[in-house]
Amino acid sequence: MLLNSFNLILSIVIATCLVILQETMSNMFWLITIDMPVTIGIFLNTYFSNLFLMNLGGAIPIIALIAIGFLVAYLVTKILLIWVNLSKSYAYALAGAAAILAIVLLMPLAFYNLDVLAGGRSFLGKSILVFFGLISGYYFGNSLEKERVNNNFKISNSKIDEIIKINLN
């Protein structure tokens, strides 16, 4: 249970870092197109500044927005996996992608048709953000699969130990 909670938080942090990376890259590419000098140092400084300020500053921290989206998507996926026979890795990958897609598509509705995430203004930007959600969801689903396999291995080892004890007696 503790490992699942850690992996859930790590999944949200991975998605947040990737979304902010895409956001920063989008802004840096725009600056390059208008002939502004952008160096690696400026990029890294801007990325870490964005990572800090977009999570701790502003009305709605990005990590909270992504956490809410992921929690809802992962909960729906957990319920759907009761009836649908699908690998957890793929199911949670789709859930992560759907969560980010919902955030990117619904944010303008909440903010008077203004794209709050500059990286999600174009179709390519939205696609990249959704792909990052897919990666993060896949990580979470894959960690659940590994835990299930490890638990099954422990159960089978304990059953083997019981059989050996019975045969020795």
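Asp-35 sits in the loop between helix H1 (2-33) and H2. Its phi is positive, about 65 degrees, although Asp-35 is not a glycine. At 71% relative accessibility, Asp-35 counts as exposed, because the cut-off for exposed is over 50%. The model is predicted. The protein chain has five helices and zero strands.

**Overall build**

- From the N terminus on, the order of elements in the protein chain is α-α-α-α-α.
- The protein chain has 169 residues, and buried residues make up 34% of them.
- Take the contacts between residues at least 6 apart in sequence: 71% of these join residues at least 24 apart.
- The protein chain exposes about 10900 Å². Carbon and sulfur atoms supply 73% of that area.

**Aromatic pairs and a cluster**

- The structure holds seven aromatic pairs.
- One of them joins Phe-70 and Tyr-74: the ring centres are 5.2 Å apart and the planes stand at 50 degrees, so the pair is tilted. Stacked would need planes under 30 degrees apart, and edge-to-face over 60.
- Phe-70 and Tyr-74 both belong to helix H3 (residues 62-83). They are four residues apart there, which means a separation of about one helical turn.
- Phe-70 has 0% relative accessibility, so it counts as buried. The cut-off for buried is under 20%.
- Tyr-74 is buried too, with a relative accessible area of 5%.
- Tyr-74 also pairs with Phe-140: the ring centres are 4.7 Å apart and the planes are at 10 degrees, so this pair is stacked.
- The Tyr-74 and Phe-140 pair links distant parts of the chain. Tyr-74 is in helix H3, Phe-140 is in helix H5 (residues 123-168), and 66 residues separate them.
- Phe-140 is buried, as is Tyr-74.
- Phe-70, Tyr-74, Tyr-92 and Phe-140 form one aromatic cluster.

**Ser-136, a contact of the cluster**

- Ser-136 lies in helix H5.
- With 0% relative accessibility, Ser-136 counts as buried.
- Ser-136 touches two cluster members, Phe-70 and Tyr-74.
- Its other contacts are Ser-11, Ile-12, Ile-14 and Ala-15, leaving out residues up to four places away in sequence.

**Ile-66 in helix H3**

- Ile-66 is placed in helix H3.
- Its relative accessible area is 3%, so Ile-66 is buried.
- Ile-66 and Thr-16 are 50 residues apart in sequence, yet their C-alpha atoms are 6.8 Å apart in space.
- Thr-16 is also one of the residues that Ile-66 touches. Beyond the residues up to four places away in sequence, Ile-66 also touches Ile-12, Ala-15, Val-19, Ile-100 and Ile-103.
- Ile-12 and Ala-15 appear among the contacts of Ser-136 and among those of Ile-66.

**Cys-17 in helix H1**

- Cys-17 is found in helix H1.
- Cys-17 has 24% relative accessibility and counts as partly exposed, because that class lies between the 20% and 50% cut-offs.
- Cys-17 is in contact with Tyr-47 and Leu-51, setting aside its neighbours within four places in sequence.
- Cys-17 and Ile-62 are 45 residues apart along the chain. Their C-alpha atoms are separated by 9.7 Å.

**The second largest pocket**

- The second largest pocket has a volume of about 150 Å³.
- Its lining includes Leu-53, Met-54, Gly-57, Gly-58, Ala-59 and Ile-60. Ile-62, Leu-65, Met-107, Phe-111 and Val-116 line the pocket as well.
- Helix H2 (40-56) and H3 are the elements that give two or more residues to this lining.
- By class, the lining has nine nonpolar and two polar residues, and no charged ones.
- Gly-57 and Gly-58 are part of the lining. Glycine is classed as polar.
- Ile-62 belongs to this lining, and its C-alpha atom is the one 9.7 Å from that of Cys-17.

Notes: Residues are numbered from 1 along each chain as its sequence is written. This is a predicted model: local features need pLDDT of at least 70, side-chain atom pairs count only at pLDDT 80 or more; totals for chains, interfaces and linings use all residues. Side-chain values use heavy atoms; hydrogens and water are left out. Buried means under 20% relative accessible area, exposed over 50%, partly exposed in between (1.4 Å probe, protein chains only). Contact means heavy atoms within 4.5 Å. Accessible areas come from the Shrake-Rupley method with a 1.4 Å probe; for residues, only the protein chains shown count as cover. Rings of Phe, Tyr and Trp (its six-membered ring) pair if their centres lie within 6.5 Å; planes under 30 degrees apart count as stacked, over 60 as edge-to-face and the rest as tilted. On a 1 Å grid over the protein atoms alone, a cavity is a set of points where a 1.4 Å probe fits but cannot get out, and a pocket is an open set with protein on both sides within 12 Å along at least five of seven lines; lining residues have an atom within 4 Å of a point. Grid points are joined across faces, edges and corners, and a volume is the space filled by probe spheres set on the points.
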